[in-house]
Amino acid sequence: MRKPIIAGNWKLNNTSKEAIELVTLLKRNLSDVSKVDIVVCPVFTVLMDVNDVLANTNIGLGAQNLYWEDNGAFTGEISAPMIKDTGAQYVIIGHSERRQFFGETNETVNKKIKAALKHGLIPIVCVGEVLAERESGKTFDVIKEQCQGCFQGFSEEEMKGMVVAYEPVWAIGTGKTATPQQAQEVHKFIRDLLAKMYTREIADVIRIQYGGSVKADNIKDLMSQADIDGALVGGASLKSDSFVKIVKFYE
Ligand code: PGA
């Protein structure tokens, strides 16, 4: 049985005061949850403050990106050991906004995953097709290329610790969610592909989240699908009420 993992991707939002207010509410309202792994991913500058609030709770902490070198002349970047130093345990890698606006490729994603694993951070690796690719029937080709590029060269143990997020880019921030069937079809495709690249046993333990306009009113249907093991939530993770409802989808 894979334990569901629901992560909030706050993107470029929340100053320290706002972040502390939000996680204080989450901490209060989610303390009784044990069926789901919960993670919040704020901006770098508030990681330490948020970690102070979340210490010894059931809510994990993640960053939204990292650079693959540990240190050196890379102005403006943040490395895995630095993220680890804030108390975070997770890091989102290869989000479609990073691919679209900041030139990330499957190759850089692969390097970033290696750096994260080297320093004991759990990568949440995003893949997903854009609308034109879906409409021209290329979804599976794109996902295959992304997975083969991003997930090459890891040990079995490393693969088992990975979290994958399938995020159809056309569903992100658009209010247009993939249907549970559309999502399940791609999740199963990813799992079968990972079974071919590694082993069936490994593919069966890897958690694959769905992301793209997840809300309190669609989470249950998405989670009822066999290969959907949680969600990466953007907009709806910025308000405590909606994120709490999503995490408690099983109630
Ligand atoms: P959204 O974002 O929930 O606002 O669509 C999801 C994501 O980008 O991770």
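1. Where is Asn14 found? In this predicted model, Asn14 belongs to the loop that connects β1 and α1, and its phi is near 80 degrees, a positive value in a residue other than glycine. Most residues other than glycine have a negative phi. The backbone of Asn14 therefore merits a remark in this note, given that phi near 80 degrees.

2. Lys11 lies in the loop between β1 (5-9) and α1 (16-30), and it also has a positive phi in a residue other than glycine, here near 55 degrees. Lys11 is, in addition, one of the residues that come nearest to the ligand, together with His95, Glu167, Gly173 and Ser213, out of the 13 residues around it.

3. The polar surroundings of the ligand can be described atom by atom. An oxygen atom of the ligand is 2.7 Å from an N or O atom in the side chain of His95, and a distance of 2.7 Å is likewise found between a ligand oxygen and an N or O atom in the side chain of Glu167. At Ser213 the partner is a polar backbone atom, which lies 2.7 Å from an oxygen atom of the ligand. Of the 290 Å² of accessible area that the ligand has on its own, the protein covers 95%. Sorted by class, the shell around the ligand consists of four nonpolar, seven polar and two charged residues.

4. Asn110 is placed in helix α5 (residues 106-118). Is Asn110 buried or exposed? Its relative accessible area is 7%, which is under the 20% cut-off, and Asn110 therefore counts as buried. Once its neighbours within four places in sequence are left aside, Asn110 is in contact with Gly149, Cys150, Phe151, Gln152 and Phe154. For one of these, Cys150, the C-alpha to C-alpha distance from Asn110 is 4.5 Å, although the two residues are 40 residues apart in sequence. The side chain of Asn110 also makes a polar contact, at 2.9 Å, with the side chain of Lys114.

5. Helix α9 (residues 180-197) has 18 residues and reaches 25 Å from its first C-alpha to its last, which is close to the 26 Å expected at 1.5 Å a residue. The buried residues of α9 are Pro180, Ala183, Gln184, Val186, His187, Ile190, Arg191, Leu193, Leu194 and Ala195. An α-helix has 3.6 residues a turn, so residues three or four places apart point the same way. That list of buried residues in α9 includes Gln184, His187 and Arg191 as well as Val186, Ile190 and Leu193.

Technical notes. Residues are numbered from 1 along each chain as its sequence is written. This is a predicted model: local features need pLDDT of at least 70, side-chain atom pairs count only at pLDDT 80 or more; totals for chains, interfaces and linings use all residues. Side-chain values use heavy atoms; hydrogens and water are left out. Helices (H or I, at least four residues) and strands (E, at least two) are DSSP runs, numbered from the N terminus. Buried means under 20% relative accessible area, exposed over 50%, partly exposed in between (1.4 Å probe, protein chains only). Contact means heavy atoms within 4.5 Å. A polar contact is a pair of N or O atoms within 3.5 Å; within protein, one must be able to donate a hydrogen and the other to accept it, and residues adjacent in sequence count only if both atoms are side-chain atoms. A residue is near a molecule or strand if one of its heavy atoms lies within 4 Å of it. Accessible areas come from the Shrake-Rupley method with a 1.4 Å probe; for residues, only the protein chains shown count as cover. Ala, Val, Leu, Ile, Met, Phe, Trp, Tyr, Cys and Pro count as nonpolar, Asp, Glu, Lys and Arg as charged, and the others, Gly among them, as polar. The expected span of a helix is 1.5 Å times one less than its number of residues.
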